[in-house]
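Biologist: I would like to go through this structure with you, one question at a time. Could we have the sequence and the model in view before we start?

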Amino acid sequence: MASAIGNLHDDLIHDAALDYYGKRLATCSSDKTIKIFDLDGENHKLVETLRGHEGPVWQVSWAHPKFGNILASASFDGQVLIWRQDDATKAWSNIAQHKAHDASVNSVQWSPPELGAAIVCASSDGNVSVVDFKDDGNTSAVTIHAHSGGCNSAVWAQINGSTSPVNRRFVTGGCDGLIKVWTYDPNSDNYVEEAVLEGHSDWVRDLAWAPSVLPKAYLASASDDKSVIIWTQDGPGAAWKKVLLQSEKFPETIWRVSWSLSGNVLAVSGGDNRVSLWKENLAGEWEQCGTVDPE
């Protein structure tokens, strides 16, 4: 059963994210605000409007609940703001600002909880930054140049049951049409380029790493070239393989890709205002298994 929430913002909505339990929804918009809703079945209630950005807000990301009710937001104003709800008063406040970028911050994502409380941010200045929030309240940040022309997306590698020891990895997608895999190097205390994935002929708009308990990794990429590529890696250190989600081009630019919680269904949304669902068959081919009606 699907339900719609109308009249959320005064301008375009760019992102909507459910919290870990699916009980709260955060939305963000070109009206420079973030709105928090409580959800109960088909019912919803606006509980807070967060103001602090000076430009359109592109993306929001919830931290794992073990760290509290915490939300990160990325904006055209070049900032990432961290918001927290007080357990006692239930009021939301801005508790931190990340201002390491010289241009729009296009994406932000909290790390898997096994890696601690950290965010990875992608910016139009071509850089990606990682910020760690320590237990003592201090922060540490590193910035690396990732893509010429700008970086549109950065997502953490999922932690699966076979990954031992746990290592920090993330992937970035840029205006150069490239996807890069980065891994943490303790010797330099920085992130180094592990692999460069070539397959798109235009901007990479979005990336999604599938959750899985298996050693095989699945990464989906969406591009202005109207294609989606599924990248797979059989295990740490193995070569990456690629396959087009479908042989023909999609009608319009593909803006977003998102995996189901089990990691076996991929949702694809594009400029044609349609959402299609895809699943891998036993032969390793991808088949469309449904659509989400915009009505």
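Biologist: Which word fits Arg169 in this predicted model, buried or exposed?
Modeller: Arg169 has a relative accessible area of 15%. Buried means under 20% relative accessible area, exposed over 50%, and partly exposed in between, with a 1.4 Å probe and protein chains only. Arg169 falls under the lower cut-off, so the word is buried.

Biologist: What kind of model is this?
Modeller: Residues are numbered from 1 along each chain as its sequence is written, and side-chain values use heavy atoms, with hydrogens and water left out. Local features need pLDDT of at least 70, side-chain atom pairs count only at pLDDT 80 or more, and totals for chains, interfaces and linings use all residues, since this is a predicted model.

Biologist: Which residue meets Arg169 in a salt bridge?
Modeller: A salt bridge is a side-chain nitrogen of Lys or Arg within 4 Å of a carboxyl oxygen of Asp or Glu. The side chain of Arg169 has such a partner at 2.8 Å, N to O, and it is Glu194. Glu194 lies in strand S16 (residues 190-198) and Arg169 in strand S14, so the pair ties together parts 25 residues apart in sequence. At 33% relative accessible area, the residue that counts as partly exposed is Glu194.

Biologist: How far apart in sequence are Asp132 and Arg168?
Modeller: Asp132 and Arg168 form a salt bridge, with the closest N and O atoms 2.5 Å apart. Asp132 is in strand S11 (residues 127-133), while Arg168 is in the loop between strand S13 (151-156) and strand S14 (169-174). Strands here are DSSP runs of E with at least two residues, numbered from the N terminus. The separation in sequence is 36 residues.

Biologist: How many salt bridges are there?
Modeller: One of them joins Lys241 to Asp234, with the closest N and O atoms 3.4 Å apart. Others share partners and join Asp15, Asp206 and Arg256 into one network. The count comes to eight.

Biologist: Which strands stand at the edges of the open sheet of four strands?
Modeller: The order is S1-S2-S3-S4, with antiparallel pairing. Each edge strand has a single partner, so one side of each is left without a neighbour in the sheet; these are S1 (13-18) and S4 (43-51).

Biologist: How many bridges join S3 to S4?
Modeller: Two strands pair if DSSP finds at least two bridges between them. S3 covers residues 33-40 and runs antiparallel to S4, and Ile34 stands opposite Leu50 in S4. The number of bridges joining S3 to S4 is eight.

Biologist: What kind of aromatic pair do Trp62 and Trp92 form?
Modeller: Rings of Phe, Tyr and Trp (its six-membered ring) pair if their centres lie within 6.5 Å; planes under 30 degrees apart count as stacked, over 60 as edge-to-face and the rest as tilted. The whole structure has 13 aromatic pairs. The Trp62 and Trp92 rings are 6.0 Å apart, centre to centre, with 70 degrees between the planes, and the pair is edge-to-face.

Biologist: Which strands hold Trp62 and Trp92?
Modeller: The pair ties together parts 30 residues apart in sequence, because Trp62 and Trp92 lie in separate strands. Both residues are buried. Trp62 is in S5 (residues 57-62), and the strand of Trp92 (residues 92-98) is S8.

Biologist: Which residues do ring pairs link into a cluster?
Modeller: Ring pairs can link several residues into a cluster. The residues in this one are Trp156, Phe170, Trp182, Tyr184 and Tyr191.
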